[in-house]
Amino acid sequence: MDRRDFVRLGLAAGAVAGTAGAARAAQGAAGNDAILEAGAQEQGAQMQAGKLTAVSLAERYLARIAAIDKAGPRINAVIELNPDALRIAAELDAERKAGKVRGPLHGIPVLLKDNIATGDKMSTSAGSLALDGVRASRDAFIAARLRDAGAVILGKTNLSEWANMRSTHSVSGWSGRGGLTRNPHALDRNTSGSSSGSGAAMAASLATLAVGTETDGSIVSPASTCGIVGIKPTLGLVSRSGIIPIAHSQDTAGPMTRSVADAALLLAALAGADPQDPATKGIQGRPDDYVAALRPDGLKGKRLGVARNFFGSSTAVDAVIEQELAVLKAQGAILVDVEVPNVDKYNDSELEVLLAEFRPDLEAYLAAYAPHAPVKTMADLIAFNTSNAARELQFFGQEHLVAAQAKRGLNDKAYRAALANNHRYARDEGIDKVMAERQLDALVAPTGGLAWLTDFINGDHYGGSFSSPAAVAGYPHVTVPAGQAHGLPVGISFVGTAWSDAALIGMAYAYEQASKRRKAPAFAASVNLKA
């Protein structure tokens, strides 16, 4: 994080110190303020009862960010704070006092990943120094929906730079602008990526809610690694307009929260048809109520396919998940051992699609939301990184950017063939095939491996992942904390066919309520190998 970001954070922290609630906020910053761990429903109920205000809640989170994120364990999840957050909170308090409540997110603080455009005083940079200080010309569609719902956008979270689509040997959780985000459960461990800041911020209770984005694993992997709930929605349920892209075939935003209930509330606010995003036309006539799906009996009678070909990467993780399968059974689920077919048939074609779409999608975003930015093309970005190699390329390169620049565009036969291959083997002959043949309501498996030691020499080393089938298919994926191994979180995943988001939320909620596996982080320096 550069000097300007520290100045901005210092100014915001100073605003907190100057308020009447500063003493209480500072007292709660060390972790003994229960309201900061609470969910949106409880916080909203306290506001409605006059026991809490949006201003005091924002103050307390800002103080915690100063104490936990920028000092103490120094998680470094927040890349920038919104200097208008307290003013917005005060306006929402005035609305509530006048009898106007916009909904369950009225006055609730939310953090956005720093690839989601906000037409305010904050930058939207994807973690890149090339966009440091560049303010978006207007809100992303989902940012505007959150404002309309009464949420207080508290700030932006750090991410793996360019959403982890810069290098073949990247370090997740690191960006040139934001530095490294650390895992609150073990500070020497990685947060995974690319929504690393959102995952770490939720684990450390730096806001009530957070929004991440995913192309393949970037919501569910950091959610699992940080011990929180993550939802990657069906492609087209949530608008991509105003989100710095990788590839429109797989990109989506989604909730990252400490509970399934909060994720359902946040998804309800995010979801909606956007005339600027043709993929969202598919939600017309699908008035799913994600909050109504929060039923403790949501697993009763459900046939769950245990995706055995996604076990085996970690004995420690497998042991945790095997134990949790008994919880699913106890809640009335019927478990069927299955294998998701053809998962090895789209590894290369997935990368081909992502690289082919990256350049045109990024350049379209820059033209629409940041026409004043110093970089306007992929070639400009590559040149900027080369010219600023000491800061941007100090740990790893930009191989993916160079490869994307060389692609021939969206009419190229190789791209079209790769996209068709992805849909065939991830959808028709993948998830849809096994679910139809075995009459399943969802697939379950470990979300991924345990958090690895951050390694700036060799880069990331993931320990298995269940993200790709749903990501490539564009289908929904929900991960929920399933326990821990050596003090590191383990997630369990629920995956379904297109538009089964509400059903998955119901199953995930029933499991969560029966298991209660989430643990707040201890900010340990490293893991306990005896745990």
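**Figure 1. Contacts across the whole chain.** Take the contacts in the protein chain between residues at least 6 apart in sequence: 77% of them join residues at least 24 apart. Keep in mind that this is a predicted model. The protein chain has 19 helices and 13 strands. Its radius of gyration is 21 Å, close to the 24 Å that the globule rule gives for 531 residues, so the chain is as compact as a globular protein of that length. Laid along the principal axes, the C-alpha atoms fill a box of roughly 60 × 55 × 50 Å.

**Figure 2. Inside, outside and charge.** Of the 531 residues in the protein chain, 62% are buried. The accessible surface comes to about 18700 Å², and carbon and sulfur atoms account for 52% of that. As for charge, there are 53 positive and 53 negative side chains, and the centres of the two sets sit 4 Å apart.

**Figure 3. Helix α9, covered along its length.** Here is a helix that is mostly covered, with 8 of its 8 residues buried. The buried residues are Ser 196, Gly 197, Ser 198, Gly 199, Ala 200, Ala 201, Met 202 and Ala 203. What do they pack against? Three of the partners are the strands β2, β3 (152–157) and β6 (209–214), and the list also takes in α10 (220–226) and β8 (252–257). Just past the helix, look for Ser 205, which takes a positive phi of about 55°.

**Figure 4. Zooming in on Ala 200.** This alanine is part of helix α9. With a relative accessibility of 0%, Ala 200 counts as buried. Once its neighbours within four places in sequence are set aside, Ala 200 is in contact with Ile 75, Ala 77, Thr 181, Arg 182, Pro 184, Thr 191 and Cys 226. Asp 69 is worth finding too: it is 131 residues from Ala 200 along the chain, yet the two C-alpha atoms are separated by 9.6 Å.

**Figure 5. Leu 111 in strand β2.** Leu 111 sits in β2, which spans residues 109–113. Is Leu 111 buried or exposed? It counts as buried, because its relative accessibility is 0%. Leaving out the neighbours within four places in sequence, the contacts of Leu 111 include Val 78, the run Leu 154, Gly 155, Lys 156 and Thr 157, and also Ala 201, Leu 206 and Ala 207. Leu 209, Ala 210 and Val 211 are in contact with Leu 111 as well. For a distance marker, try Ala 293: it is 182 residues from Leu 111 in sequence and 25 Å away in space, C-alpha to C-alpha.

**Figure 6. A cis peptide ahead of α9.** The peptide bond running from Gly 193 to Ser 194 is cis, with omega near 5°. Ser 194 belongs to the loop between β5 (179–180) and α9 (196–203).

**Figure 7. Helix α14 and its buried face.** In α14 (residues 378–387), the buried residues are Met 378, Leu 381, Ile 382, Phe 384 and Asn 385. Looking down the helix axis, these fall within an arc of 160°, so they line one face of α14. The cover over them includes α8 (161–164), α13 (347–369), α15 (389–392) and α16 (399–406).

**Figure 8. Helix α16, seen from the same neighbourhood of contacts.** The buried residues to pick out in α16 are His 400, Leu 401 and Ala 404. They cover an arc of only 100° around the axis, which puts them on the same side of α16. Both α13 and α14 are among the elements that cover them.

**Figure 9. Two positive phi values outside glycine.** Start with Ala 163, whose phi is near 55°, a positive value in a residue other than glycine. Ala 163 is found in helix α8. At 11% relative accessibility, Ala 163 counts as buried. Now move to His 486, which also is not a glycine and has a positive phi of about 60°. His 486 lies in the loop between β12 (477–485) and β13 (488–495). How exposed is His 486? Its relative accessibility is 29%, so His 486 counts as partly exposed.

Notes. Residues are numbered from 1 along each chain as its sequence is written. This is a predicted model: local features need pLDDT of at least 70, side-chain atom pairs count only at pLDDT 80 or more; totals for chains, interfaces and linings use all residues. Side-chain values use heavy atoms; hydrogens and water are left out. Buried means under 20% relative accessible area, exposed over 50%, partly exposed in between (1.4 Å probe, protein chains only). Helices (H or I, at least four residues) and strands (E, at least two) are DSSP runs, numbered from the N terminus. The arc is that of the directions from the helix axis to the C-beta atoms. Contact means heavy atoms within 4.5 Å. The radius of gyration is taken over C-alpha atoms; the globule rule is 2.2 Å times the number of residues to the power 0.38. Accessible areas come from the Shrake-Rupley method with a 1.4 Å probe; for residues, only the protein chains shown count as cover. Lys and Arg count as positive and Asp and Glu as negative; His and the chain ends are not counted. The place of a charge is taken as NZ of Lys, CZ of Arg, CG of Asp or CD of Glu.
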